[in-house]
Amino acid sequence: MLTSKKLSRQIQRLVWSFALTVAWVAAPVLAGAAAPQKNIPTPASLAEKWGIDITGIHMSAHNYMVDFRYRVLDAEKAKALFDRQTKPYLIDQASGKVLAVPDTAKLGPLRNSNQPREGKIYWMFFGNRGGTVDTGSTVTVKIGDFEAKDLVVK
């Protein structure tokens, strides 16, 4: 039998789970409706080798997530970033701690893994549960052989 205290904790967990799920799903939609962001300066080699341009890296979901966005310039070159078997990681350069893309029971991994299309902006979220990364942190995004260093989180 559940006591009122245990029931209250369960309800609180459900509310937090629901709120985070809504934030994960709504953030890409809301970000697309916002004013266009200035592109983060990236080495020409990212566009040449990987066919992408990084458009932003921001704190999201009340700092529980880091939102990484990039535009596909060449779908064939960018295909390696969409491989479902390759796990993306975000590395905080100050602490060396590694953040992964959460894999939720209902939504699956919080990243795009369909076929890339040129001109489209794609996203992925990295879990930041312990508050490792904050606004102003310098990070590296690593997806297989792909590596984008010295990105500053906004």
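Hi everyone. Let me begin with a term: a salt bridge is a side-chain nitrogen of Lys or Arg within 4 Å of a carboxyl oxygen of Asp or Glu. Keep that cut-off in mind, and keep in mind too that what we have here is a predicted model.

So, how many salt bridges does the structure hold? The count is five. I'll walk you through some of them.

Let's start with R71 and D53. The closest N and O atoms of this pair are 3.9 Å apart. Why does that count as a salt bridge? Because the cut-off is within 4 Å, and the R71–D53 pair comes in at 3.9 Å. Now look at where the two partners sit. R71 belongs to strand β2, residues 65-72, while D53 belongs to strand β1, residues 52-60, so this salt bridge ties together parts that are 18 residues apart in sequence. Is each partner buried or exposed? R71 is partly exposed, at a relative accessible area of 25%, whereas D53 is buried, at 14%.

Let's stay with those strands for a moment. β1 and β2 pair in the antiparallel sense, over eight bridges. As a general reminder, strands of a sheet pair through backbone hydrogen bonds, and the pairing can be parallel or antiparallel. Please don't mix up these strand bridges with salt bridges!

Which strands make up the sheet here? It is an open sheet of three strands in the order β1-β2-β7, with antiparallel pairing. β1 and β7, the latter spanning 121-127, are the edge strands, and each of them pairs on one side only. On average, neighbouring strands in this sheet are turned by 20° against each other, ignoring direction.

Here is a residue to find on your screen: R69. Which residue of the sheet stands opposite R69 in β2? That would be G56. R69 also has a salt bridge of its own, with D67, and there the closest N and O atoms are 2.9 Å apart. Both R69 and D67 are buried.

Finally, let's move along the chain to E147 and K142. These two form a salt bridge whose closest N and O atoms are 3.9 Å apart. E147 is partly exposed, with a relative accessible area of 33%, and K142 is partly exposed as well, with 30%. There is a third member to point out: K149 joins K142 and E147 in a network of salt bridges.

To recap: R71 and D53 link β2 with β1, R69 and D67 pair up while buried, and K142, E147 and K149 form a network. Thanks for listening!

Methods: Residues are numbered from 1 along each chain as its sequence is written. This is a predicted model: local features need pLDDT of at least 70, side-chain atom pairs count only at pLDDT 80 or more; totals for chains, interfaces and linings use all residues. Side-chain values use heavy atoms; hydrogens and water are left out. Helices (H or I, at least four residues) and strands (E, at least two) are DSSP runs, numbered from the N terminus. Buried means under 20% relative accessible area, exposed over 50%, partly exposed in between (1.4 Å probe, protein chains only). Two strands pair if DSSP finds at least two bridges between them. Axes are lines fitted to C-alpha atoms, for helices over the stretch in contact, and angles run from 0 to 180 degrees between N-to-C directions.
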